[in-house]
Amino acid sequence: MPRITGYRKAHFNAAHRLYRSDWSDEKNLAVFGKCSNPHYHGHNYEIIVAVTGEIDSETGYVYDLGKLKRLIRSEIEDAFDHKNLNIEVEEFKTLNPTAENICVVSYQKLRKHLPDSLELEVTLYETPRNFVRYSGE
Ligand code: NI
């Protein structure tokens with residue numbers, strides 16, 4: 001059967017602060033700029049989840065995108081939307097919530113619920129112009 005990619009887009013708003021507690025405020029500011037603001041700041045994140053595999057001969061689906069929608073809602077939107085990532089999200093209490101790390105954590109949260117036969121790729125926009133992409137490894 002042909003291989004194809006299905007996509008689902010979702011959105012969440014969240015606050016974060018980029019910093020290392022073992023660095024001085026000056027060094028954090030030098031490395032992370034205004035993203036190290038001790039009072040936090042927010043982003044409108046856009047996430048694009050792509051699943052690639054063979055079209056199922058019975059259903060005609062690569063993966064039920066309604067199921068993917070619900071998975072993204074439970075694993076990503078419910079977990080991150082309107083949250084302070086540093087304070088309220090377990091994964092980022094010890095991991096700097098950069099776009100890179102949010103993308104990898106999102107991938108890992110989704111990966112374990114998807115069949116092994118599907119390839120997964122996650123694209124995360126932190127701003128309309130800044131985005132990262134992760135597909136495992
Ligand atoms: Ni930021």
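Is cysteine 35 buried or exposed? Cysteine 35 is buried, at a relative accessible area of 17%, where buried means under 20% relative accessible area, exposed over 50%, and partly exposed in between (1.4 Å probe, protein chains only).

A word on the model: it is predicted, with local features needing pLDDT of at least 70 and side-chain atom pairs pLDDT 80 or more, while totals for chains, interfaces and linings use all residues. Residues are numbered from 1 along each chain as its sequence is written, and side-chain values use heavy atoms, leaving out hydrogens and water.

**The nickel site**

Cys35 (SG) joins His16 (NE2), His41 (NE2) and His43 (NE2) in coordinating the nickel ion, at 2.1 to 2.7 Å. Donors here are N, O and S atoms within 2.8 Å of the metal (3.2 Å for Na, K and Ca); water is not among the atoms, so sites may look incomplete. Along the chain, the donors are spaced as H-x18-C-x5-H-x1-H. Histidine 43 is buried too, at 14% relative accessibility. The angles among the 4 donor atoms run from 90 to 136 degrees, and the site is irregular. Four donors would count as tetrahedral if all angles lay between 85 and 135 degrees; four count as square planar and six as octahedral if opposite donors are over 155 degrees apart and all others between 65 and 115; anything else is irregular.

**Asparagine 86**

Asparagine 86 sits in helix H3 (residues 85–88) and is buried, with a relative accessible area of 11%. Beyond its neighbours within four places in sequence, its contacts (heavy atoms within 4.5 Å) include the nickel ligand His16, along with Tyr40 and Phe92. A polar atom of the asparagine 86 side chain lies 2.8 Å from the backbone oxygen of arginine 17.

**Salt bridges**

The whole structure holds 6 salt bridges, each a side-chain nitrogen of Lys or Arg within 4 Å of a carboxyl oxygen of Asp or Glu. Three of these pairs are set out here, with the distance between their closest N and O atoms.

| Basic residue | Acidic residue | Closest N and O atoms |
|---|---|---|
| Arginine 3 | Glutamate 119 | 2.7 Å |
| Arginine 20 | Aspartate 22 | 3.0 Å |
| Arginine 133 | Glutamate 121 | 3.8 Å |

Arginine 133 lies in strand S5 (residues 131–134) and glutamate 121 in strand S4, so this pair ties together parts 12 residues apart in sequence. Strands are DSSP runs of E (at least two residues) and helices runs of H or I (at least four), numbered from the N terminus. Arginine 133 is exposed, at 52%, whereas glutamate 121 is partly exposed, at 28%.

Notes
A polar contact is a pair of N or O atoms within 3.5 Å; within protein, one must be able to donate a hydrogen and the other to accept it, and residues adjacent in sequence count only if both atoms are side-chain atoms.
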